[in-house]
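Trainee: Please take me through one part of this model up close, and then show me how some of the neighbouring pieces of the fold are put together.

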Amino acid sequence: MSSIRTSRTRVTLVSLTLLVALVAPAAGQKIKMATLSPDGSPWDTILEKMGSSWEQATDGRVTLTILPGGVAGDEPDIIRKMKIGQYQGGALSVAGLSDIHKDFTVFQIPLFFDDYPELMHVLRELTPALDQQLEAQGYKRLAWGYVGWVYFFTSKEARTVADMQKLKIFTWAGDETLVQWWRRNGFKPVALAATDIMTGLQTGLIEAISVPPLYAMQTQYYKRAPYMADLGLAPLIGAVLLDQRAWKRMRPEDQAAVLAAGREAESRVLEQIPKLDEGAIKLMQTAGLEVVAIRDSPNSQEWIRAAEGFADDMRGDIVPAGIFDKARASRDAYRKQSVSGPSSAP
């Protein structure tokens, strides 16, 4: 009789446990996301809005805490901390993405893209392959990001390629291949963490950086590098990533909500940042920035020839040949289909 009661008690406890598991809400999942985007910047604001959408759409099961402004370290640090589970997310630039997979270096080729629509066409066509590479490395992409079109900002005026070769140029620490590529082409690269750029400009350790105008304004880099060459070099794209382990712990309906919020954030970035980038140049000019005319000057062809040589040199060395050829084929097809033909570079 005692054994029957014990058996019934066990069955009852198991049933109650299953019932609680079915009706009780899942434990909340807190996502910590690190980024170099300055606190209070447009990118930071968009990420905050994305986090609010997560929390609302998942009834509080998924929340987002953002660590902006490089407080978590440079992008290699962010990637390393994601791998060990210290952070579950990162909003990275193409430099960080290239540390995850070299295919992303295709967006670092100077003067490869004529304009923003051309970039977006190529990016859309390459997205399936790039997402596959990210997932193979353990990441889920929630959104593409865009920091702006990159220009040279220098502490001394530089109008010619030879002028630029005399300056100490910031390059991302950790990519020795790229450092050697700069040197091979006659430049003076100085490898630093992105979090050390301001110190480098203040001390003269570096004299030139390549960043988008909006970012230069947000970080105040332009005050130490008050000359901007008006020839747009390349687009600085980015991506919002989650660690696959965090992604897989979410309920399917929460995954859908998180992904939808990510795509909404992507739309905001791709719509707002290009407009803000243009306005940033005018605002910085009122504060002392000098725009150095190169695009419509006799020196422009020299820069273009140098960039074309750089692109050929980067194929297979800096940029994997396969992704280089896919991007070039997509770009050239877009140009042929364009009614008005390629635009001038930003």
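Mentor: The second largest cavity has a volume of about 80 Å³ (the space filled by 1.4 Å probe spheres that fit on a 1 Å grid but cannot get out). Remember that this is a predicted model: local features need pLDDT of at least 70 and side-chain atom pairs 80 or more, while totals for chains, interfaces and linings use all residues. Residues are numbered from 1 along each chain, and side-chain values use heavy atoms, without hydrogens or water.

The structure holds two cavities of 30 Å³ or more. Lining the second largest cavity (an atom within 4 Å of a point) are P76, A95, G96, D99, Q108, W172, A173, D175 and L178. Helix α4 (residues 94-100; a DSSP run of H or I, at least four residues) gives the largest share of this lining, three residues. Sorted by class (Gly counts as polar), the lining has five nonpolar, two polar and two charged residues.

Now for the helix pairs. The axes (lines fitted to C-alpha atoms) of α2 (residues 42-57) and α11 (residues 252-286) come within 9 Å and cross at roughly 160 degrees. That makes α2 roughly antiparallel to α11 (over 145 degrees). On the α2 side, P42, W43, I46, K49, M50, S53, W54 and A57 make the contact (heavy atoms within 4.5 Å). Their partners in α11 are A257, V258, A261, G262, E264, A265, R268, V269, Q272, I273 and L276. This contact of α2 with α11 has 13 nonpolar, three polar and three charged residues.

Next come α5 (residues 116-136) and α13 (residues 321-337), whose axes come within 9 Å and cross at roughly 140 degrees. The two are therefore oblique to each other (neither under 35, over 145, nor 65 to 115 degrees). Here P117, E118, H121, V122, E125, L126 and L130 of α5 meet I323, K326, A327, S330, R331, Y334 and R335 of α13. By class, the contact of α5 with α13 has seven nonpolar, two polar and five charged residues.

Key
Axes fitted to C-alpha atoms, helices over the stretch in contact; angles between N-to-C directions. 1 Å grid on protein atoms, 1.4 Å probe; cavity = no way out; pocket = protein on both sides within 12 Å on 5 of 7 lines; lining within 4 Å.
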